[in-house]
Amino acid sequence: MAKTSSSSAPKKAASEKRTADRTTDKTREEITAGGQSLYFTDSENPDSYSLNNQFAEHLEFRLVKDRLSVTPQDAYKALALSVRDRMIRAWIRTQREYERQDVKKVYYLSLEFLMGRLLGNALTNLDYTAECERIMKTLGYDLDEIRDIEHDMGLGNGGLGRLAACFLDSMATLELPAFGYGIRYEYGIFKQEIENGYQVEHPDNWLRYGSPWEVLREELTCRVKFGGRVEQHTDERGNLRHSWVETDDVLAVAYDVPVPGYGNNTVNSLRLWQASATEDFDFKAFDKGDYMGAVENKSATETISKVLYPNDNTVAGKELRLRQQYFFVAASLHDIVASYKKLHKSFGAFPNKIAIQLNDTHPAIAIPELMRILLDEENLSWDEAWHITTHTFAYTNHTVLSEALERWSVALFEKLLPRHLAIIYEINHRFLKTVHTFYSEHDPIISRVSIIQEASNGSEKAIRMANLAVVGSHSVNGVAALHTQILKDELFNDFFRLYPHKFNNKTNGITQRRWLKKSNLPLSELITKRIGGGWVTNLDELRKLENYVEDEEFREEWRIAKNLAKQRLIQHIDIWDDYATRVNLDSLFDSQIKRLHEYKRQLLNALHVATLYNRIKDNPKADYTPRTVFFGAKSAPGYAQAKLIIKLINSIGATVNNDPDIGDRLKVFFLPNYSVSLAERIIPASDLSEQISTAGLEASGTGNMKFQLNGALTIGTMDGANVEMAEEIGEEHMFIFGLKTHEVAELRPRYNPWDYYNANQELKRVLDMIRDNAFSHYEPGIFQPIWNSLMEQGDRYLLLADYASYIEAQDRVNALWKNPTEWTKKSILNTARSGKFSSDRTIRQYADEIWKVKPVTIEV
């Protein structure tokens, strides 16, 4: 056997020979297209290894394909692997530099990361789009078609997860030392299909063929405990200590996904945990013929990371969801503490080196978990551990609905997490002792702020996770100015009076890299041509567009870009919907795409569609503004009323779209399986953005910002971030309607939906049509629950109260659309004034005001 040399020269020579061999054999000829090799030529420098070469090698050696056998799926995988490889050096250097400088890092804990497709985002941030277009062209493929092969990462449901994804992009672009932690769900929320107008859920197996972006980190595997019991003992110093013993353990296996910044060398990590059994196979059970029992433990264990948001209407579903939350939190904190201990021998500096952000209450169990680690494993005193914990965690609230704040049964906690229950009791005891210094023992505030909710009126004793998050964090922020004010004045008013210094606002934002530069190429290229590309990292630069509002040539180019986006959307819809071919591209594209919930009021939009339908039927010769209405939404599988609203929208659409009297003046589409990738098609094509939630109920919203960035005008209530959008854009460039938050509060005690029903004939007619089966001839009575919720059960979300104002605002929309010049001016102004709503601005505020982390420039 030949000896190996430590010298790099022979290795390099051997490498060059292997390369030369590869480039002269038959394989090279087979993957050559149009006379151009995918490998470098002999005259090129082998040290400058191109994306071409990496693509060809992955195709040949990883996928075992040549040009004669390659499929589009192969092309996607090889391209994704090649792009990932180009990030790896910077990825390694980024992590090494953070460790070398011992910088303070932020860890973002979220049960959801709605990442979408990664290839297009990576190409945008790394500036590889043109090069990859050329590579795909040599194989006869279109890059857009190859990108569409990628499955959206099924790690989230709605705005919460998409916000987390935007934040990761901004943290990397701003060169912040940051880490995301979540769960590697095998199945996403679900794949939605529409059958006979009904939502039907199918498994979303996004990992069926693996993901080329992931890197398995076997060495980071750790044990996560459940169940068991707690033993007490006294240590050598006479201190009472606790041991959590006789537990059922689960292995947490780490997978890392790279998160590249835009235009820099920073590549941060999203670490996802997958559950694995400690023992895959029970031989004793197998030998006894119990073949199912032999793998039962493995199956039960791995259910933890199987599916996003199990239905928690059952006891088993609730238990699984709590297991999920603790599983990813425990693994993440184990990882964070281990990383810290590599460089530090004591925990005194922990809050100065570690910031942990809780994205809503789902990860709030991290507070007692860190306490457990510090108390039981590191043997710190309670006061030391509590000081570290409360100076490490920060909590973001995402709801104003008290019923949406998580509560966990004490009995369930006692079963799964007995040590944590004891710690929570002690936290609550010490906290209430502090509250008693300000309030008497019998003051109602004591029971309201207690982390433990006592059993009453048939409800079981429970742990209030939001209260735990507030008590255990040094910062509590809302996600829009109005939302934060509601937290202070209503939802957390008691806590605000106790800890006013904790509360602050961080209005949400979106990443312009994905939501304009990547998803709306015609418009982004037009903008860059006129004002330069600085807006990609400084969205305030878009203000320069105001200089072109009166430029007729620019307005025409703006309309052309919008029309191209419409064509792209219709081509996509045309794949599965016969009506798409009949869409009027000159019609107003009116879109409402978001999670289906009654407070978001997709039903109010449907009532408007039915109203338009009636008007056209009554007077078919009148001059109507042509309109195409798009809905996209998923309902939680157990949310019967939301699923019925989906059925109603589809039934109204079927009636409208099949009526020859209507023609192309009105079309309705419910686009199934709403996702990030579908949003990237709908938003650029949209003229009107529906943001019509009941005032005071939407925390912020980020869809509204994405539409604004792409030049859509907003019709909306003064709710969530709409308020701040109106301040930035000017109400005169939006269509504001409906009750304000304080007016909602004033109306509720005396609200009677029948008053509005009897006073408005158009409203009465539409509601009667729903009740009387005008949209359900073959399924009479199916929409009775919708009628009942509005007329017999109090109309909780005040649709009838806002209907007339909404219709009047829509009439203003129709009138303005008939004046293309004025509409286009407002469209440009919407985009120009969207600078505040970049997630870069949001993350800078988090970094400066909460996390206290500084940028780290990575040199490669």
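Visitor: Where does R147 lie, and what makes that stretch a helix?

Guide: R147 lies in helix 7, and a helix here is a DSSP run of H or I with at least four residues, just as a strand is a run of E with at least two, both numbered from the N terminus. This is a predicted model, in which local features need pLDDT of at least 70 and side-chain atom pairs count only at 80 or more, while totals for chains, interfaces and linings use all residues. Residues are numbered from 1 along each chain as its sequence is written, and side-chain values use heavy atoms, with hydrogens and water left out.

Visitor: Is R147 buried or exposed, and how do you know?

Guide: Buried means under 20% relative accessible area, exposed means over 50%, and partly exposed is in between (1.4 Å probe, protein chains only). R147 has a relative accessibility of 16%, and therefore it counts as buried.

Visitor: Which residues is R147 in contact with, beyond its neighbours within four places in sequence?

Guide: Contact means heavy atoms within 4.5 Å, and by that rule R147 touches R117, L119, G120 and L123. R117 is 30 residues away along the chain, yet its C-alpha atom and that of R147 are separated by 7.9 Å.

Visitor: What makes an empty space a pocket, and what makes it a cavity?

Guide: On a 1 Å grid over the protein atoms alone, a cavity is a set of points where a 1.4 Å probe fits but cannot get out, whereas a pocket is an open set with protein on both sides within 12 Å along at least five of seven lines; lining residues have an atom within 4 Å of a point. Points are joined across faces, edges and corners, and the volume is the space filled by probe spheres set on them. The second largest pocket has a volume of about 890 Å³. It is lined by 33 residues, and the closest to its centre are D144, R147, K517, K518 and L521. Among the elements that each supply at least two residues of this lining are helix 5 (118-126), helix 7 (143-149) and helix 22 (512-518).

Visitor: How do the residues of that lining divide by class?

Guide: Asp, Glu, Lys and Arg count as charged, Ala, Val, Leu, Ile, Met, Phe, Trp, Tyr, Cys and Pro as nonpolar, and the others, Gly among them, as polar. The lining of the second largest pocket has 15 charged, ten nonpolar and eight polar residues.

Visitor: How many cavities are there of 30 Å³ or more, and what is known of the largest?

Guide: The count comes to two cavities. The largest has a volume of about 140 Å³, and of its 16 lining residues M115, L118, N121, V259 and P260 are the closest to its centre. Helix 5, helix 8 (159-173) and strand 8 each supply at least two residues of that lining, which divides into eleven nonpolar, two polar and three charged residues. The second largest cavity holds about 70 Å³, and its lining has one nonpolar, six polar and four charged residues.

Visitor: Why is strand 9 described as largely enclosed?

Guide: Ten of the eleven residues of strand 9 (267-277) are buried, so the rest of the structure largely encloses this strand.

Visitor: How do you know which strands pair with strand 9?

Guide: Two strands pair if DSSP finds at least two bridges between them. Strand 2 (178-183) runs parallel to strand 9, with five bridges, while strand 8 (248-260) pairs with strand 9 in the antiparallel sense over eleven bridges. S269 in strand 9 stands opposite F179 and also opposite P258. Strand 8 and strand 9 form a hairpin with six residues between them, and in the turn G263 has a positive phi of about 70 degrees.

Visitor: What makes strand 12 and strand 13 edge strands?

Guide: Their open sheet has three strands in the order 12-14-13, with antiparallel pairing. Strand 12 (407-409) and strand 13 (452-453) each have a single partner strand, so one side of each lacks a neighbour in the sheet. Three bridges join strand 12 to strand 14 (462-464), and S409 stands opposite A462 there.

Visitor: How do you know where the model should be read with care?

Guide: pLDDT is the predictor's confidence in each residue, from 0 to 100. The protein chain averages 91, and 91% of the residues score at least 70, but over residues 1-48 the pLDDT stays under 50. Where pLDDT is low, the predicted coordinates should not be read in detail.
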